[in-house]
Every structure is written in C-alpha cells, then in structure tokens.
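Visitor: I would like to go through this model with you. Please tie each label to its value.

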Number of protein chains: 2
Amino acid sequence: MRRHYATIKDIANALNISFATVSRALRDAYDVKAETRELVLAKAAELNYKPNVNAKGLAQHRSYNLGVILPTITNYYFSTVITGIQEVAYGAGYNLVLYVTNDSAERERDMIGNLSLGSLDGLLVCVSSDSALSTGFQGIIDDGIPVVFFDRVVEDIHTSKVVQDDYNGAFEATEHLIGNGYRNIAHIAGPEELAFTRNRMQGYKDALKKHGLPVKKEWIVHSGFSQAHGEQDVARLWKCRQKPDAVFAVNDRKAVGAMLALKQLNILVGQDFGVVGFTNDPVAAIISPSLTTIAEPAFEIGRISCQLVLSHIRKKKFDAKEVVLPGKLIVRESSKKA
Amino acid sequence: MRRHYATIKDIANALNISFATVSRALRDAYDVKAETRELVLAKAAELNYKPNVNAKGLAQHRSYNLGVILPTITNYYFSTVITGIQEVAYGAGYNLVLYVTNDSAERERDMIGNLSLGSLDGLLVCVSSDSALSTGFQGIIDDGIPVVFFDRVVEDIHTSKVVQDDYNGAFEATEHLIGNGYRNIAHIAGPEELAFTRNRMQGYKDALKKHGLPVKKEWIVHSGFSQAHGEQDVARLWKCRQKPDAVFAVNDRKAVGAMLALKQLNILVGQDFGVVGFTNDPVAAIISPSLTTIAEPAFEIGRISCQLVLSHIRKKKFDAKEVVLPGKLIVRESSKKA
DNA sequence: CTGAAAGCGCTTACAG
DNA sequence: CTGAAAGCGCTTACAG
C-alpha cells in the first residue's frame, strides 16, 4: 500500500501553527520568526518532508520541468551535453523531460506540436538536421517560455544560444593540416542548412585562403552526420578528377567513416593522407591511426545552456545571450605526414 | 508575457456545459453521451487544450514522473537503454527524471535519500558498482512505489528485473574462443559484488569446464568497467607465471583497453591472442582488429523495463517478473587465430 | 448521462 | 510575525 508522505499540514499540526506559516518558513523568502523557522525545519527533517512538486507547481504556475529536445542521445556529444544539463537541473530541483527527435524534422514538428507547454518552464533545444523551417519555436518564446538553443541553433530566432567555436575550431583544424604539409584538403561537411555546418565550412575555407590554397567546390561534400555518410563522402571525393590528400570532417563520426573507407582504398591515413575530425569522441583515441580532432566542450555546453534557461525563467526579463565556447586541437596520428 | 493556456473551464464555457463533464469526456472512461464527447473533443482540439500535468497529478495522486537511476549516460549501452525507456515513457505520457550516480555508491545513496517519492510514480534503476548494501530500495518498494531493476540488479530484493542473458552470453563467448583454438583463456571481470559480473564469470568457467580446460584463479582479474581498467588488468595478467593466450572481457570497454595494452606489448590480437568482449558498442566495429563480442539488446532492455514499471503502476497488484533477453555473438577479427 | 461540490498539497495576497 | 481564505486545474464520489 502506498504510504502517506508527510505534508505541510502534518508539520503544522505537530507544531500547532498554521500551515501557511509552515509554507513560509520552508522557503525563507518571508518574514518568519527565526525560532518558528527552526522548529519547522527541524520537524520537516524529522518527518522527512519533501514538497509535493505537483502542488507546488500548480500553485506557483510552474512545473519545475525543463524540456530537452535533441536529435539523439546515443552518441558521445549529446550524452555528455545531457549530463551537463542534468547536473545543473538536479541541483536546482528541476526535472528533465527528454524529447528525442531521431534527427527527423517531421518527428520534431510533431513533438513540438504536442508539447504540454503549460507543464514546461523552459526548453533546451538542438534542432534536427533538416528543420531549417523551424517554425514553432518562435511561438513558444512568444508564449513566454524561455528557449535556449545549443549546438544546432536557429539563426533567425532571437534567444539565447550556446555553441562551441565552430569557425575557429575548423580554421585551426585546417591550418593544422596545412602546417603538416597537406595541400589538397577536402571538407566532408554536414547538411548545408545548419548554421554550425556553415561556420565550420567557413573556417575551413578561410584557412585555405589565408595560406593561398584554392577552395575547390568539388572538394566540399555535404551529407548527414553518420559514420556511413563519412564513408559515402569519400567515395564521392574519389570520383573527382584530382583527388585530395587530406580531409577535414565536420565531426568525428564522419571522420571515422572516412578513415574506414580510405582503408578499403589502401590509402595510408597519417602518411599519404591526413584526416582531422571535430568532437573528440572517445573513439578518436581508439581508432588506428588515432584521430586528430577538435575537442568540443560538450559538458560545459550542457551546463551553461541549463544555467541560461534557469536564469531566464527566474528573471522573466529575457535578455538573450550568445555563448561561444572554445574548442581545442588534439593532435594525434591521423594528421601526420610520412 | 506568459499566455494563458486553455483549461477545462474554457472548454466548458465555450460549450455551456459543466467542466466535470468536460473532464469526463476527455478521458473516455466514463459514460458520456457520444455527441457531447465529440463536441468536447472538437473544442479541445480547436483551443489546443493540453491537460495540466500538475493538476492532473495532484488530483490523481500521481505525478506522471518516472525516476531513472543509473551510473552514467555517456556510454553506448546506457544511452541506448535510456532511448528505449524514453520511447515507451513518451508514448504513455510519462516524464523521465534522470539521476546520474557517476557509479558512486555514496552519491547513489544521497540521491535516493533525497528522492521526492511523493512525486515519482515508479523507479527504473541500475545500481552503482559498489552498492552491494543497496538499502533504500526495499523501503521504496514498501512505500508502494514500483521499482524495476535493469542490467545491474539487486538480487536480494524481490521486484521486477530485466537483464541480458549474461550467463549464456559469456558461455558462448568463451566457447567461441575455445572453438577457434585458444586454450589459455583469461577473464577480465567486473566488480565481484555485482550479480551480472558473477553470472558472466560463471558462464566463462562453465565453458572452460565443459571443454576440459582448467579454471585458473590467477587468470580471473576483477576491477572496474572502464577502458583504463582493461589496460590495468592486462598488466596484471602479464605478471602471471603462465600467460594466457586469450581473454574474455566482461564488457567492450575493458576489451578495448586490453587490446590497447596488448598492442603496447606487441601482441598480435586476432592471431597470437584472442579477445572477446560484451556489449557490441559501435567502437567494436571500428577498432582494429575489430572486436568479437556479444551484442546486448540494450534498447529492448530499456523498453521492457519501462513497460514493466508502467504495468506495475497501473495494476497496483505487484507481481514481479524477471526478464532475461538473449544476446548474440558477433564474430569479428579479434578472435581469429593465425 | 450530467451537475454541484469537495479535495489533492501547496502559495500568496489580505488582514491583523 | 502569523492566520484565515481563496485559488491553482484537475478528478471523482455523490446525487439526480
């Protein structure tokens, strides 16, 4: 049988005071005699009192629920971001409501349409690849629910955003390949519509330009983010008249796919061919040759994103912030030159 | 400004009926005239009505929150389990409240102690490595809150449990090594206290026995679950008078650590030395040589665990089920023999 | 089949 | 500094 959990009334009865006073004593926001407060706190501890989140939320017009919308949780980057979000949310007494879109714009739209907005105090979102026309979010913000974008942001929408420094990371990655002697550097990019794809591509292009290398259109191939996409991209590159001698991949999974495909082609990565990724997925250190990459501050992105929604929720006054966190080049074997 | 979301009263007013009737019409559990129901449903859709979860929960003595306690979410197995849990929970209108213990019994105890049990309808848990003395859970069950264990279960507690077939998976893995000609097979195990560690170890031992091979105590080393632990374990094995020529690892991360350590020792895995893991982490296919392993049905474990708590919640009548899902041997390069 | 009413456990003006 | 009271948005016996 379900036991009865101590409520505010139990405390009030035990102490012979009104439950309104108990309520006030519990959150020290009001004037309550110090003595009274201590009695209440002691009794609450004794009875193992925990506030009923539903009642609290109902009375306060809050839910203490934070929605998190993201493409998937089964990869290093996203699971780490969630861990960061979770840490901050847990500390602040907020619950996370996960919505996994499977990187499908359609499913994303469905989920957003079915959102119980009345039961969500804020939203953390990383949009799906092809949700360029991410309507919906503006309406949510207009309703007064803070939305914070992370990683994959919607540029047109004015709200807080947290991302890694995609441009400079890509620039540094590309420059690293150039510094190691590679000259014909291709780019395996993500879906064109995504801002961070464009930013990483721009970093790549600008690094080439800075060093007087031509930007060849056929050496930039766009596709999805999976390992299989990375393999396919190499196949496409291999149809070019002039083949590249290095590749900067938009993420590690694609870099891994590329390396596997290159192995099939008997290309020696780290000697004849350079590869640099982006993320610093643990697999980067395990694959052979190990993968040079830009480490992303995934945990920090999660923490800061969550801190931002919480502060927006508390302040009501909404001043959007854009946070850009630096990445870090991790040099391994895949970018060496024979 | 936060907009007002449509409530049951808005629907009632628009239709000139009582809000009690609206409430009934919305959940078709009661006798409501078909005509009335349709009017209500239509108006609800028109007003984009979503029930307020807090109010619903408060009135029903439910929270529609499910707690999920697990060691970490940043690895393939757990993130996949969560995805399975999430899918079922989402479909049933339940929210997930994540508690990440970082595989620390202390943190686990803290979190359990601070649980707002009044706001949780059920609990899905995978205990931390050293929480042998997992008190706390029995009390929660006694309070009437269903608890389902998955993967790492507490044997002494009578409640539903969902695990992969650890014993047979281990048996098959070990037999596979034997079949491929390895004779001196060590086992890199997990913490001794965990049931699944013991089950996998037993499968390993029994396979050896079946084939008339001796079980050597010094060839069984226990430690944690990380890649680094796998590396250390190999170092320990290498101090044995007789060195093994193969190893069955309790999971893929340790297998990967072992392979890396063996590489340092200039041992050729897949030729002089066999390695088999457990999980089928994507890294198993990426590492070179690729890793033979037992694929775990992680997504299914998540789905079924969640279905079980939900059915316990609904039925109130608590009949514990123990579900064991089969794994599958995936043969790759690491277990070949020269 | 439907309405009026009480209640879930809290918060928060309003008095005093 | 504290109490009485209304209310948050729902559910659910109780009548009829």
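**Domains, DNA and labels**

Guide: The centres of domain 1 of chain A and domain 2 of chain A, taken over C-alpha atoms, are 35 Å apart. This is a predicted model.

Visitor: What does the domain assignment of chain A give?

Guide: Domain 1 covers 8–51. Domain 2 is written as 62–163 + 298–324, and domain 3 as 166–296 + 329–335. The bounds come from an automatic or database assignment.

Visitor: On to the DNA. Which residues come nearest to DNA strand C?

Guide: Ile8(A), Ser23(A), Thr21(B), Arg24(B) and Thr36(B), out of 28 residues around the strand.

Visitor: What makes the approach of Ile8(A) to a phosphate oxygen of DNA strand C a polar contact?

Guide: The cut-off is 3.5 Å between N or O atoms. A backbone N or O atom of Ile8(A) is 2.6 Å from a phosphate oxygen of DNA strand C. That value is within the cut-off, so the pair counts as a polar contact.

Visitor: Which part of Thr36(B) lies 2.7 Å from a phosphate oxygen of DNA strand C?

Guide: A polar side-chain atom of Thr36(B). For Asn52(A), a polar backbone atom is 3.3 Å from a phosphate oxygen of the strand.

Visitor: Which elements give two or more residues to the surface near DNA strand C?

Guide: In chain A, helix 2 (19–26) and helix 4 (53–60). In chain B, helix 2 (19–26) and helix 4 (53–60).

Visitor: How do the residues of that surface near DNA strand C divide?

Guide: Into 13 nonpolar, eight polar and seven charged. On the DNA side, 68% of the strand C atoms within 4 Å of the protein belong to sugar or phosphate. The rest belong to bases.

Visitor: Now chain B. Why is Ser129(B) called buried?

Guide: Its relative accessibility is 11%. Buried means under 20%, so Ser129(B) qualifies. The residue is in the loop between strand 3 (122–125) and helix 7 (137–142) of chain B.

Visitor: What is Ser129(B) in contact with, leaving aside neighbours within four places in sequence?

Guide: Asp103(B), Arg152(B), Pro191(B), Glu193(B), Leu194(B) and Phe225(B). With Arg152(B), the side chains form a polar contact of 3.5 Å. Asn102(B) is 27 residues from Ser129(B) along the chain, and their C-alpha atoms are separated by 9.8 Å.

Visitor: Why is Asn251(A) called buried?

Guide: Asn251(A) has 7% relative accessibility. The limit is under 20%, so the label holds. Its place is the loop between strand 8 (246–249) and helix 11 (252–264) of chain A.

Visitor: Which backbone atom lies 3.3 Å from a polar side-chain atom of Asn251(A)?

Guide: The backbone oxygen of Phe225(A). Not counting residues up to four places away in sequence, Asn251(A) touches Phe225(A), Gly277(A), Phe278(A) and Thr279(A).

Visitor: Why is Asn16(B) called exposed?

Guide: Its relative accessible area is 72%. Exposed means over 50%, so Asn16(B) passes. This asparagine lies in the loop between helix 1 (8–15) and helix 2 of chain B. Phi of Asn16(B) is near 60°, a positive value in a residue other than glycine.

Visitor: Why is Asn48(B) called partly exposed?

Guide: Asn48(B) has a relative accessible area of 47%. Buried is under 20% and exposed is over 50%, so 47% falls in between. Asn48(B) sits in the loop between helix 3 (34–46) and helix 4 of chain B. Its phi is positive too, near 55°.

Visitor: How do you know that both faces of strand 3 of chain A are covered?

Guide: Look at the side chains. Gly122(A) and Leu124(A) are buried on one side. Leu123(A) and Val125(A) are buried on the other.

Visitor: How many bridges join strand 1 of chain A to strand 3 of chain A?

Guide: Four, and the strands run parallel. Gly67(A) has Leu123(A) as its bridge partner. Strand 3 also runs parallel to strand 4 (residues 147–150), with three bridges. There, Leu123(A) stands opposite Val147(A).

Visitor: What is omega for the peptide bond from Ser288(A) to Pro289(A)?

Guide: Near -5°, and the bond is cis. Pro289(A) is in the loop between helix 12 (283–286) and strand 10 (292–295) of chain A. In chain B, a cis peptide bond joins Ser288(B) and Pro289(B), with omega about -5°.

Methods: Residues are numbered from 1 along each chain as its sequence is written. Chains are lettered from A and ligands numbered from 1 in the order in which they are written. This is a predicted model: local features need pLDDT of at least 70, side-chain atom pairs count only at pLDDT 80 or more; totals for chains, interfaces and linings use all residues. Side-chain values use heavy atoms; hydrogens and water are left out. A residue is near a molecule or strand if one of its heavy atoms lies within 4 Å of it. A polar contact is a pair of N or O atoms within 3.5 Å; within protein, one must be able to donate a hydrogen and the other to accept it, and residues adjacent in sequence count only if both atoms are side-chain atoms. Ala, Val, Leu, Ile, Met, Phe, Trp, Tyr, Cys and Pro count as nonpolar, Asp, Glu, Lys and Arg as charged, and the others, Gly among them, as polar. Buried means under 20% relative accessible area, exposed over 50%, partly exposed in between (1.4 Å probe, protein chains only). Contact means heavy atoms within 4.5 Å. Two strands pair if DSSP finds at least two bridges between them.
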